[in-house]
2 protein chains.
Amino acid sequence: MSDCAQCVVRNRAICSGLSPEELLALGQKGRKQTVKRGQTLVWEGDDSLVVANVISGVLKLSVSTADGREQIVGIVFPSDFIGRPFGKESPYSVTALSDAEVCVFHRSTFDQFAREHPELQHKLLQRTLIELDEARQWMMLLGKKTAEERIATLLIRISERLSADGCTGPLLNLDEFELPMDRQQMADILGLTIETVSRQLTRIKSSGVIALPDRRRVVIHDRQALLDLAEAA
Amino acid sequence: MSDCAQCVVRNRAICSGLSPEELLALGQKGRKQTVKRGQTLVWEGDDSLVVANVISGVLKLSVSTADGREQIVGIVFPSDFIGRPFGKESPYSVTALSDAEVCVFHRSTFDQFAREHPELQHKLLQRTLIELDEARQWMMLLGKKTAEERIATLLIRISERLSADGCTGPLLNLDEFELPMDRQQMADILGLTIETVSRQLTRIKSSGVIALPDRRRVVIHDRQALLDLAEAA
DNA sequence: CGTTCAATTGACTCGGTTCAAACGCCGTGG
DNA sequence: CCACGGCGTTTGAACCGAGTCAATTGAACG
């Protein structure tokens, strides 16, 4: 049980819009849990037993082939919802990219609560529709974009998402941020190899559009040029 | 206004589960419309003015880059829902692959009706969650699968979907069906070119796993082998 | 038949992968 | 203080799967 009224994602998570009483009732069904970097919260193919709100940290959603190829199908930030409500098994794994805090519910408990609270269900629907739109944008990237366009698109998306959430940390603005993932994970998101990611980053850096002060940090010097490299959509 | 009680997708579309009175109320807000093959119902980036249920035919959802590359991000079959409820503009175009019949609603009218009918909203949520799962499976395909795996996966998926809907037409079973799209569209779904699609189809045909009696028809001779080629997930 | 247009096939190219080596940052211990 | 490893990343060189461009086939239709 958590004190939802104090929650840092209170106004952005799906719980926003619930009345104080509803919030209390929902809060009593959930509990706060910490997840260490690298730890997997849900496994692909396993029974979908929990859903959760992300309070802090960044997590990945991924699916794998039998022979071990992995594709990251989503990145989850604070205030985002994770898990597969109303479904028997999870179609993807959920793994922490950084240490994270999540607010977890038993899926069945959450499902029932959602069915009884149309406002919550509406919030969940809105969010799912947005995720679907984003997944489809990503399909365009994976199906038709070049390596350079993919890298540029990823940098733009991350910078936008981090700044929207105020997750960039102290002294940072929209144009300087920390990547929440390593090169291998960038490759798994973009459908590329680690070498191609590295080469393209170097290329874009050489052109002066971005700087890479260290392996995790990115500075966007010319956002418009980066947007042009990302080629629309 | 349509007579929903007679509708062929009555039991599979999101309208299933509505009471007779609700169904009547909803039916009065919608109208049946025919869409000719090749006609675009909604344009990417346009205001999202309509949503619809598909009654017959097959449609594609697609997004394009500024320089004309197109990626198909979804295929829509009878009983599926199309359009972007609760959103100002449509993130993709909707175009008929075959002549089709749809049951259209003004988006704002539908949105309001949905908000007032939690059961409908729940159906819509369920459906959106399934679409999201499918989109993510497709991201794996686009990001990590080889051309041959992509073709095999597409054939499996289409055969499953067509047979589930009983759309295969008379005298056809699960292992023989008509492709609802041409080679270019297959390429746009799979993130490949028309030549690669053609070559891989020929390869799989040569191995005896499938037959291609004519340009649109597919016969699966060895479903297990095709599943193996598709490489899981 | 001749026309048309989708599909196939062939030859060549190229972007991205693969495999391998070198770099550079950082923590450890001599 | 500096040598030594370890690890993530970068860089290099060769390779290959899919793309590109172009020619051919073949089914449908007037």
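1. Start with the surface near DNA strand D. Its residues split into eight charged, six polar and two nonpolar. Bear in mind throughout that this is a predicted model.

2. Who sits closest to that strand? Of the 16 residues around DNA strand D, the nearest are Arg183(A), Ser198(A), Ala147(B), Thr196(B) and Arg199(B). On the DNA side, 62% of the strand D atoms that come within 4 Å of the protein belong to sugar and phosphate.

3. A few atom pairs are worth finding on strand D. Thr202(A) has an N or O atom in its side chain 3.0 Å from a phosphate oxygen of DNA strand D. From the other chain, Thr196(B) puts a polar side-chain atom 2.4 Å from a phosphate oxygen of that strand. Arg199(B) goes to a base instead: a polar atom of its side chain lies 2.7 Å from a base oxygen of DNA strand D. As for the elements behind this surface, helix 6 of chain A and helix 6 of chain B are the ones that give two or more residues. Helix 6 of chain A has the largest share, with four residues.

4. Now for DNA strand C. There are 16 residues around this strand, and Ala147(A), Thr196(A), Arg199(A), Arg183(B) and Ser198(B) come nearest. Of the strand C atoms within 4 Å of the protein, 59% are sugar or phosphate, and the rest belong to bases. By class, the surface near DNA strand C has two nonpolar, six polar and eight charged residues.

5. Strand C has its own pairs to look at. A polar side-chain atom of Thr193(A) is 3.1 Å from a phosphate oxygen of DNA strand C, and Arg183(B) has one 2.9 Å from a phosphate oxygen of this strand. Arg199(B) turns up here as well, with a polar side-chain atom 3.0 Å from a base nitrogen of DNA strand C. Helix 6 (194-206) of chain A and helix 6 (194-206) of chain B are the elements giving two or more residues to this surface. Here helix 6 of chain B gives the most, four residues.

6. Arg199(B) deserves a second look. Its side chain has a polar atom 2.7 Å from a base oxygen of DNA strand D, and a polar atom 3.0 Å from a base nitrogen of DNA strand C.

7. Next, the protein-protein contact. How many residues does each chain put in? Chain A brings 48 residues to the contact and chain B brings 49. About 4400 Å² is buried between the two chains, with carbon and sulfur atoms giving 60% of that area. Arg136(A), Met139(A) and Lys144(A) supply 17% of the area chain A buries against chain B, more than any other three residues.

8. What about polar links between the chains? The count is 11 salt bridges between chain A and chain B. One to look up joins Arg136(A) and Glu131(B), whose closest N and O atoms are 2.8 Å apart. Across the interface there are also 22 residue pairs in polar contact, both residues at pLDDT 80 or more.

9. Last, the face of chain A that touches chain B. Strand 4 (59-64), strand 5 (70-76), helix 3 (118-144) and helix 5 (183-190) of chain A each supply at least two residues. Helix 3 of chain A has the largest share of this side, 22 residues. By class, this face has 23 nonpolar, 11 polar and 14 charged residues.

Methods: Residues numbered from 1 in each chain as written. Chains lettered and ligands numbered in written order. Predicted model: local features only at pLDDT ≥ 70, side-chain atom pairs only at ≥ 80, totals over all residues. Heavy atoms only, no water. Near = heavy atom within 4 Å. Polar contact = N/O pair within 3.5 Å; in protein donor to acceptor, adjacent residues only side chain to side chain. Nonpolar A, V, L, I, M, F, W, Y, C, P; charged D, E, K, R; others polar. Contact = heavy atoms within 4.5 Å. Buried area = accessible area lost by both parts, 1.4 Å probe. Salt bridge = Lys/Arg side-chain N within 4 Å of Asp/Glu carboxyl O.
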